[in-house]
Amino acid sequence: MTDQWWREAVFYQIYPLSFKDSDGDGYGDLRGIESKLDHLEWLGVDAIWLSPVYESPMADWGYDVTDHKAIDPLFGDMEAFDSFLRSVHSRGMRLVMDLILNHTSAQHPWFVESKSSHDNHMRDWYVWEPGSDDHPPNNWVSVFSGPAWSWDEATGEWFRHTYLPTQPDLNWRNPDVVEAMMGVIRFWLDRGVDGFRVDAAHQIMKDPENRDNPPTPPGYVDPYKEMGEYGRWIHLWDLGHEDVHEIHRQIRKLTDEYDRGIVTVGEIHEFDPNRWLNYFGPGDELTMPFNYNLMVSDWTATAVRAAIEKVEAVLPEWAWTNWTMGNHDEVRIASRLGDDSARQAAVLLTTLRGTPFLYYGDEVGMLNGSNQGRDPWGDNVSFLSRDGCRTPMQWSSSPTVGFSEAASPWIPIGPDPQRRSVETQRSDPESLLHLYRSLLVLRRQRLSLRVGDYRTLDSPDADVLVFVRWTESEATTVAVNFGVDAVQMSGPGDPLLTVGGYEPYGELIFLGPGAVAIWDSTPPARANQVSSSS
Ligand code: GLC
Ligand code: MG
């Protein structure tokens, strides 16, 4: 059995452009990140997911790659990367890279070759379709809006792009493409990285017959989010094609050759529990698909419980999941839910059964900035601009927030760094930052929180979610009050940690509005005080 270190690890996503700028050019870089590893160690993070640092013209801020085996000069060079990786490992942490398989930059030498002529040896590395310039091959639209096909005047054919026209789709039905990308995976594993977050993992195979997608019925609500034009279609033929599983199996076969427990986490926005489960295969595909159910959940006890149980109900014993509430594509937690709920989110992320994935800055409750016209998605659909969640990490409350010496960073600083900075919150034991740290300490101390089973417990009130995580020898009970009223309930003794109003009153306790309590408790198999309500 290979090392499954990632089950018990806490992951932290770094968006490199915005974490720390070491050379004063206004863009975050690898030396900058390396200089801030103390923060991650202090917080209690075990592994880093690094968004792309590969050579790129930055049309989609690094998700448009021109050389998968080179570091973009904006971030440093290979020496800076190796030094960063050594530092990560020397602190006992691990590094997971972003792997962008679905497409490359249009400036990638492969695409430059491919579009140079019909009979170029790389023509078939991308997806080309004949036709006339007034009639795209089908009705597929790009995630970022507009047709998923662009006309190439010179060779008189259409090429497909799931994202920007400057991000042409690779043709994964061409074995040469598969081999080239497996070489990329090998390159980074040989360098010592510990795994990959696989970008757009269920988009890399599509219907070879190019069948039209049906429109969504009136009143349809996307379980993920409002997606503008993309959301007007049911993605029957351009998303989650069954042939994608074979590619995932090949990736797994390769990563299993390395015996240090390589993790692969797929960016798969799939909300049907059985279709989601399918991405585990029988354990021979990517290590796990991302689980976005908590991220899209309404913030009520009922909705959150449903989101958790939906996953718990389908997950087989051998499989392992993860929980996440934000990343470089989503509105920040504190902006979406407010500060009190952001504390509850911190508790849930770190106490549910599954690997937590945290996003930089959420530990100090960073808020969304506004659309700055940096993200190309925002040019097409302004409310989907991702600029807001990509603002510079707020290290201090100074005007530059300790991010960069540059007069103006690549993207303006976000709101309220006075209260929402590492510096400010480090000196306040009541801060969100200290809560995150305490939760990670608790998780490290308690086996039940890391690996224990999950069970929802009977709740004293419809607004309160109570659950237990337990092993044979240890149990941890968590109660979260989502309501606006204090709730009276019985608790199993002195709490290990509380958030918000908590008042013991004889045998009973009062859990204030928005409050949380975490107790050491008795494993349910041997206790009658705790009974399953489901
Ligand atoms: C993924 C990334 C997103 C990027 C897109 C295209 O969804 O998370 O940031 O724009 O893929 O690579
Ligand atoms: Mg820089």
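**The magnesium site and the aromatic rings**

Visitor: What spacing do the donors of the magnesium ion (ligand 2) follow along the chain?

Guide: The donors of the magnesium ion (ligand 2) are spaced D-x1-D-x1-D-x1-Y-x1-D along the chain. A donor here is an N, O or S atom within 2.8 Å of the metal (3.2 Å for Na, K and Ca), and sites may look incomplete because water is not among the atoms. This is a predicted model, in which local features need pLDDT of at least 70 and side-chain atom pairs pLDDT 80 or more, while totals for chains, interfaces and linings use all residues. Residues are numbered from 1 along each chain as written, chains are lettered from A and ligands numbered from 1 in written order, and side-chain values use heavy atoms, without hydrogens and water.

Visitor: Which residues coordinate the magnesium ion (ligand 2)?

Guide: Asp21, Asp23, Asp25 and Asp29 each coordinate the magnesium ion (ligand 2) through OD, and Tyr27 does so through O. The distances are 2.2 to 2.3 Å.

Visitor: Is aspartate 21 buried or exposed?

Guide: Aspartate 21 is buried, because its relative accessible area is 3%. Buried means under 20%, exposed over 50%, and partly exposed in between (1.4 Å probe, protein chains only). Tyrosine 27, at 21%, is therefore partly exposed.

Visitor: Switching to rings now: how many aromatic pairs does the structure hold?

Guide: The structure holds 31 aromatic pairs. Rings of Phe, Tyr and Trp (its six-membered ring) pair if their centres lie within 6.5 Å; planes under 30 degrees apart are stacked, over 60 edge-to-face and the rest tilted. One of the pairs joins tyrosine 27 to tryptophan 410: this pair is stacked, with 6.5 Å from centre to centre and 20° between the planes.

Visitor: Where in the chain are tyrosine 27 and tryptophan 410?

Guide: The pair links distant parts of the chain, 383 residues apart. Tyrosine 27 is in the loop between strand S1 (11-14) and helix H1 (30-35), and tryptophan 410 is in the loop between helix H11 (376-380) and helix H12 (422-426). Helices (H or I, at least four residues) and strands (E, at least two) are DSSP runs, numbered from the N terminus. Tryptophan 410 has 5% relative accessibility, so this residue counts as buried.

Visitor: Why is the pair of tryptophan 49 and phenylalanine 290 tilted?

Guide: The ring planes of tryptophan 49 and phenylalanine 290 stand at 40°, so the pair is tilted; the centres are 5.6 Å apart. This pair also links distant parts of the chain, 241 residues apart. Tryptophan 49 belongs to strand S2 (residues 47-50), whereas phenylalanine 290 is in the loop between strand S11 (288-289) and helix H8 (301-314). Tryptophan 49 counts as buried, at 2% relative accessibility. Phenylalanine 290 is likewise buried, at 2%.

Visitor: Which residues form one aromatic cluster with Trp49 and Phe290?

Guide: Trp5, Phe11, Tyr292 and Phe357 form one aromatic cluster with Trp49 and Phe290.

Visitor: And which arginine lies over the face of tryptophan 237?

Guide: Arginine 211 lies over the face of tryptophan 237, 4.0 Å from the ring centre. A charge counts as over a ring if NZ of Lys or CZ of Arg is within 6 Å of the ring centre and within 35 degrees of the ring normal. Arginine 426 lies over the face of tryptophan 42, at 4.0 Å from the ring centre.
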